[in-house]
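Thanks for agreeing to look at this one with me. Please open the sequence and the fold side by side before reading on.

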Amino acid sequence: SDFDVKKKRKVAEIYRALNSDPIDVATLRRMAISKGGLLTDEIRRKVWPKLLSVNTDDLPPLPAGKELREDNKDYQQVLLDVRRSLRRFPPGMPDDQREGLQEELIDIILHVLKRNPQLHYYQGYHDIVVTFLLVVGDRLTTALVEKLSTHHLRDFMDQTMDNTKHILNYLMPIIDQVNPEVHDFMQSAEVGTIFALSWLITWFGHVLSDFRHVVRLYDFFLACHPLMPIYFAAVIVLHREQEVLDCECDMASVHHLLSQIPQDLPYESLISKAGDLFVQFPPSELTKEAAQAERTAASTFKDFELASVQQRPDTVLRQRIRLQGEERLQGEERTKSTLTKPRTNRFVKPAVMGLMMALGAAGLAVVMSTLEWAPKFELQIFP
């Protein structure tokens, strides 16, 4: 079939990029972003380390679990979270195999935290680590997660949630650029962005039930800028435009609707749109509206780029659009004119909008502070 031919061609291109000298990381990024992602876990085991510039030839052995667990301040919380992670393992997996993986999961998390005392564990971190563990095994997971934790996930692992709040503050400006009507409706409902917290800090691993969709998103996020998950969150909200606008315009109703993420999303279409939006409205253009965004580690992603080895992910995204040819570009112009709705009859004038953004950030800070003292509310985010 045509699909099989395209798949074989893509596999061949991935292996050509892996076998070239030096490794063609730009092509690997493009393959991870493009339709279908990296296709198989076997390929992911080879490509994910290249996307994170991790050397797989000299992986250190894992220390024994006992020495990691003794006198570790995070052990009890990690243990609780891992025990609650049953649904993250494939259905039908034998209990002894799952329990063995859960023990490995605990050790990997504690190992990364011990080696990087500047990092602080957060509820939901285990959802990311277990995804890697199921795909690449314990030793490679340890190396990949350590690199990820000091780069892409760094802002979530601060002592406070300030930088996580700042990243969430990108959500509304992205929505505003594409669909002012949805943005203004959400502002009127005062729903904030807390509904997207678990999406962001687990890379959607906690909220999607089909593992295939989770690893497809990880292909995409690993190949892109650390802020891409917030762009993907925005396109999910925009995809549900009619549901949102049909909802009662109050915080409880809109929060309930948005926090129940549909499982049958058109993932490939949304991935493509998120990539396009990142190019069209890069983070640098949204920082004024995303409060104090310049303080986040995500904004210094260029430091992570090893220019001699790989190209910037946003360059790959731009090339992807150019490679789709003139027809796509013409389509984009048409889409842009309909996608970005006329900014007339706005409910919120620019001067007032700045004030509302500030109030929104302050309101979110109050909610986040409440999270630290209200476990019941936290469990609503992480059921």
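Below are my numbered notes, starting with the whole chain and moving on to single residues.

1. A word on the basis. This is a predicted model, in which local features need pLDDT of at least 70 and side-chain atom pairs count only at pLDDT 80 or more, while totals for chains, interfaces and linings use all residues. Residues are numbered from 1 along each chain as its sequence is written, and side-chain values use heavy atoms, with hydrogens and water left out.

2. The overall picture. The protein chain has 22 helices and 0 strands; these are DSSP runs numbered from the N terminus, helices being H or I with at least four residues and strands E with at least two. Of its 383 residues, 51% count as buried. Here buried means under 20% relative accessible area, exposed over 50%, and partly exposed in between, using a 1.4 Å probe and protein chains only. Taking contacts between residues at least 6 apart in sequence, 78% join residues at least 24 apart; a contact means heavy atoms within 4.5 Å.

3. The core. The largest nonpolar core holds 110 residues, and W48, F204 and F232 touch the most other members. Such a core is a set of buried Ala, Val, Leu, Ile, Met, Phe, Trp, Tyr and Cys residues joined through side-chain atoms within 4.5 Å. Helix 14 (residues 228-239) supplies the largest share, 10 residues. Because domain 1 (2-151) and domain 2 (161-287) both give residues to this core, it lies between them; the domain bounds come from an automatic or database assignment.

4. F204 and its partners. If we set aside neighbours within four places in sequence, F204 is in contact with W199, V214, L217, F221, P229, F232, A233, I236 and I261. One of these partners, A233, lies in helix 14 and is buried at 3% relative accessible area. With residues up to four places away not counted, A233 touches L171, W199 and F204. The C-alpha atoms of A233 and I174 are separated by 9.8 Å, with their positions 59 residues apart along the chain.

5. Helix 10. This helix (residues 171-178) is mostly covered, with 7 of its 8 residues buried. The buried ones are L171, M172, P173, I174, I175, D176 and V178. L171 is also one of the residues that A233 touches, which is worth viewing together with the previous point.

6. A helix pair. Helix 5 (residues 75-83) and helix 6 (residues 95-115) pack at about 145°, with axes 10 Å apart. The axes are lines fitted to C-alpha atoms over the stretch in contact, and angles run from 0 to 180 degrees between N-to-C directions. From helix 5, Y75, V78, L79, V82 and R83 meet Q102, L105, I106, I109 and L110 of helix 6. By class, this contact has 8 nonpolar, 1 polar and 1 charged residues. In that scheme Ala, Val, Leu, Ile, Met, Phe, Trp, Tyr, Cys and Pro are nonpolar, Asp, Glu, Lys and Arg are charged, and the others, Gly among them, are polar.

7. The N-terminal stretch. The peptide bond from D21 to P22 is cis, with omega near 0°, and P22 lies in the loop between helix 1 (2-19) and helix 2. T27 is found in helix 2 (residues 25-33) and is buried, with a relative accessible area of 9%. Leaving out neighbours within four places in sequence, T27 is in contact with E13 and A17. The C-alpha atoms of T27 and E13 are 8.2 Å apart, and the two residues are 14 apart along the chain.

8. Backbone points to check. Two residues that are not glycines have a positive phi: L39 at about 70° and E190 at about 55°. L39 sits in the loop between helix 2 and helix 3 (41-51) and is partly exposed at 23% relative accessibility. E190 sits in the loop between helix 11 (180-189) and helix 12 (197-201) and is exposed, at 61%.

9. A buried loop residue. L227 is found in the loop between helix 13 (211-222) and helix 14, and is buried with a relative accessible area of 2%. L227 and H152 are 75 residues apart in sequence, and 8.2 Å apart in space from C-alpha to C-alpha.
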